Amino acid sequence: MPVMEIILGIESSCDDTSAAVLRDRVLLSNVIASQDVHRAYGGVVPELASRAHELNIVPVVSEALKRAGVSASELSAIAFTRGPGLLGSLLVGTSFAKGLSVSAGVPLVEVNHLQGHLLANFVRQEGKSVEEPAFPYLCLLVSGGNSQIVRVDSPLEFKILGQTIDDAVGEAFDKCSKLMGLGYPGGPVIDRLAKQGDASRFAFAKPHIPGLDYSFSGVKTSLLYFLRDRMKEDPDFLEKNREDICAGFQKTLIDILLDKLIKASRQTGIRDITIGGGVSANSGLRERILAEGERRRWRTFLPELKFTTDNAAMIAVAGHYKYLQGLFAPLDTAPYSR
Ligand code: KG4
């Protein structure tokens with residue numbers, strides 16, 4: 001039997017500490033410790049995130065190796081998220097990866113967090129045969145920090161075709177949730193309430209941005225003024241119409257995302273479409289993208305929910321491809337925030 005490479009992935013770019021082990025792209029383990037500490041503050045507090053990563057990193061990596069039945073010295077490489085993200089958080093994962101690399105005598109591979117999201121569909125799972133997108137494909141990358149349409153030419157080559165010029169779509173979900181007193185993170189709450197609402201009752205302003213770029217700050221302002229005006233007439237307006245407001249607001253965001261994705265597919269002639277990032281967990285977006293895909297004869301690939309949010313399996317799969325190319329990172333590699 002041929003020797004297969006075993007890659008440990010380490011992810012710590014924001015508020016999830018994660019470690020995963022892949023053998024020849026097959027997932028052996030994927031451990032994630034999320035941080036609830038930020039909920040009370042209505043957003044991620046960088047200093048608290050770094051401290052939580054420090055507490056979590058050793059148990060999370062140990063558990064991932066244990067579940068995979070692999071010892072550190074058996075690893076072919078350690079892939080870690082180098083950036084972009086919160087610098088303090090990235091430092092924890094990067095420093096830990098370096099320490100383990102030296103102690104176990106295993107080479108390091110640095111991974112761009114976004115590249116991980118782009119390649120999430122290439123994580124294989126035992127007993128599941130899943131079709132993979134063909135290169136080049138388009139990825140709609142939507143999270144709390146990004147809203148991009150990316151053309152993925154190969155595992156290691158990609159081009160950003162369009163991106164937000166202001167807020168990310170996840171930020172729009174989070175800020176508007178806060179505005180409506182619905183808590184943090186806003187996306188899952190709005191998603192849940194929108195399911196019970198009528199999306200056709202309220203519409204919000206859509207931006208007119210040329211090319212394939214996005215803008216989401218205007219929708220947020222549109223919701224703010226809408227609520228201010230309606231609540232002047234009826235202070236209980238929000239209370240009475242919460243589900244319909246969420247449904248209309250979510251539909252507006254999805255319309256904006258889909259308009260540009262359809263345009264990108266038309267312009268490039270590419271019909272293999274994937275999504276990634278925290279917002280790609282949104283049930284409305286998943287339904288709409290599947291429906292549009294059917295109408296437009298796209299091959300649409302929706303990663304499982306556990307691979308849409310921050311996770312180390314996607315970092316390990318990106319690391320797998322870099323390892324095969326011999327792209328190792330020196331020990332003095334420093335993380336970057338942007
Ligand atoms: O990729 P991710 O976990 O990390 C960051 O980029 O921070 O994405 C987090 C974002 C948050 O803005 C959160 O509100 C959003 O993803 N999100 C969702 C859903 N689940 C998470 N947005 C819409 N619908 C969801 N179901």
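This is a short tour of a predicted model, stop by stop, with what to select in your viewer at each one.

Before you start, note that residues are numbered from 1 along each chain as its sequence is written. Local features need pLDDT of at least 70 and side-chain atom pairs count only at pLDDT 80 or more, while totals for chains, interfaces and linings use all residues, and side-chain values use heavy atoms, with hydrogens and water left out.

**Stop 1: the sheet of strands 1 to 5**

Begin by selecting strands 1 to 5, which form an open sheet in the order 3-2-1-4-5 with mixed pairing. Helices (H or I, at least four residues) and strands (E, at least two) are DSSP runs, numbered from the N terminus. Two strands pair if DSSP finds at least two bridges between them. Strand 3 (26-34) and strand 5 (108-112) are the edges; each has a single partner strand, so one side of each is left without a neighbour in the sheet. From one strand to the next, the twist averages 20 degrees.

Now pick strand 4 (residues 77-83) together with strand 5: they pair in the parallel sense over five bridges. Which residue of strand 5 stands opposite F80? Show E110 and you will find it there.

Next, bring in two helices. Helix 1 (residues 46-68) lies across strand 1 (6-11), strand 2 (16-23) and strand 3, at about 20 degrees to strand 2. Helix 9 (residues 312-324) lies across strand 1, strand 2, strand 3, strand 4 and strand 5, and runs at about 130 degrees to strand 1. Axes here are lines fitted to C-alpha atoms, for helices over the stretch in contact, and angles run from 0 to 180 degrees between N-to-C directions. Contact means heavy atoms within 4.5 Å.

**Stop 2: loops with backbone details**

Go to D24, in the loop between strand 2 and strand 3. D24 has a positive phi of about 50 degrees, although it is not a glycine. Then move to P84, in the loop between strand 4 and helix 2 (87-104); the peptide bond from G83 to P84 is cis, with omega near -10 degrees. For another cis bond, select Y184 and P185, where omega is also near -10 degrees. P185 sits in the loop between helix 4 (169-179) and helix 5 (186-195).

**Stop 3: the sheet of strands 6 to 10**

Here five strands make an open sheet in the order 8-7-6-9-10, again with mixed pairing. Strand 8 (157-163) and strand 10 (299-301) are the edge strands, each pairing on one side only. On average, neighbouring strands of this sheet are turned by 25 degrees against each other, direction ignored. Select strand 6 (residues 137-142) and strand 9 (residues 272-276), which run parallel and are joined by four bridges. Within this pair, L141 stands opposite G276 in strand 9.

**Stop 4: helix 7 and helix 8**

Add helix 7, which lies across strand 6, strand 7 (147-154), strand 8 and strand 9, running at about 160 degrees to strand 6. Then show helix 8 (residues 283-296): its axis and that of helix 7 (residues 237-268) come within 10 Å and cross at roughly 35 degrees. Residues making the contact include I254, L258 and L261 of helix 7, and L285, I289 and E292 of helix 8.

**Stop 5: the ligand**

Finally, centre on the ligand. Of the 18 residues around it (a heavy atom within 4 Å), G144, D174, D191, G278 and N282 come nearest. For polar contacts, look for pairs of N or O atoms within 3.5 Å; within protein, one must be able to donate a hydrogen and the other to accept it, and residues adjacent in sequence count only if both atoms are side-chain atoms. An oxygen atom of the ligand is 2.7 Å from an N or O atom in the side chain of D174. Polar backbone atoms also take part: one of G278 is 2.9 Å from a ligand oxygen atom, and one of G145 is 3.5 Å from a ligand oxygen atom.
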